[in-house]
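I opened a new model today. I wanted to look at a hairpin and at the ligand site. My notes follow.

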Amino acid sequence: MEDCVFCKIIKGELLSTKLYEDNDFVIIKDINPTAKVHLLAIPKNHVPYIDMMTEEGASYLGKIMLKISKMQEELGITEGFRLVINQGENAGQTVEHVHIHILGGEKLKEM
Ligand code: 5GP
Ligand code: ZN
């Protein structure tokens, strides 16, 4: 999508700190961190909301989560982490391109 911030980051049109990239997704540092480690795992395919994903896309999100759990050392989240997906206004979704927040690096506040 032309005016999507995350599509621009994926294409390299906007700068970001990338920690990981493969054919299907990237992991970048969030520009406005709310935890000591605050990363975003972003699938390269532009889908605005999780409820718009295909079964294949959704199962790929599961694979991304598994990958994250195997990259704890590189990501600095070995003491525990939280994965969050926001959908819609009430959840505070601001970027309409599905992404997983990865939070950790410190004791997180209770939800
Ligand atoms: P949402 O609120 O949609 O779940 O999360 C969007 C996240 O993207 C926010 O935490 C926000 O700080 C982050 N973000 C927005 N624009 C940019 C950007 O240009 N670069 C990076 N690295 N993060 C961004
Ligand atoms: Zn996008």
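I looked up the hairpin: three residues link β1 to β2. Strands here are DSSP runs of E, at least two residues long, and helices are runs of H or I of at least four, numbered from the N terminus. β1 covers residues 18-21 and β2 residues 25-29, and the two pair antiparallel over three bridges. Pairing needs at least two DSSP bridges. I checked Tyr 20, and its bridge partner in β2 is Ile 27.

The model is predicted, so I noted its limits: local features need pLDDT of at least 70, side-chain atom pairs need 80 or more, and totals for chains, interfaces and linings use all residues. Residues count from 1 along each chain, chains are lettered from A and ligands numbered from 1 as written, and side-chain values use heavy atoms, without hydrogens and water.

Next I turned to ligand 1. Which residues come nearest? Of 16 around the ligand, they are Lys 29, Asp 30, Asn 86, Thr 94 and His 101. Being near means a heavy atom within 4 Å. α1 (5-11) and β2 each supply at least two shell residues. α1 gives the most, with three.

I then listed polar contacts (N or O pairs within 3.5 Å). In each, the ligand atom is an oxygen. A side-chain N or O atom of His 101 lies 2.8 Å away. For a polar side-chain atom of His 99 I noted 2.9 Å. A backbone N or O atom of Val 95 lies at 3.0 Å. The protein covers 83% of the 520 Å² of accessible area that ligand 1 has alone (Shrake-Rupley, 1.4 Å probe).

Definitions and conventions. Polar contact = N/O pair within 3.5 Å; in protein donor to acceptor, adjacent residues only side chain to side chain.
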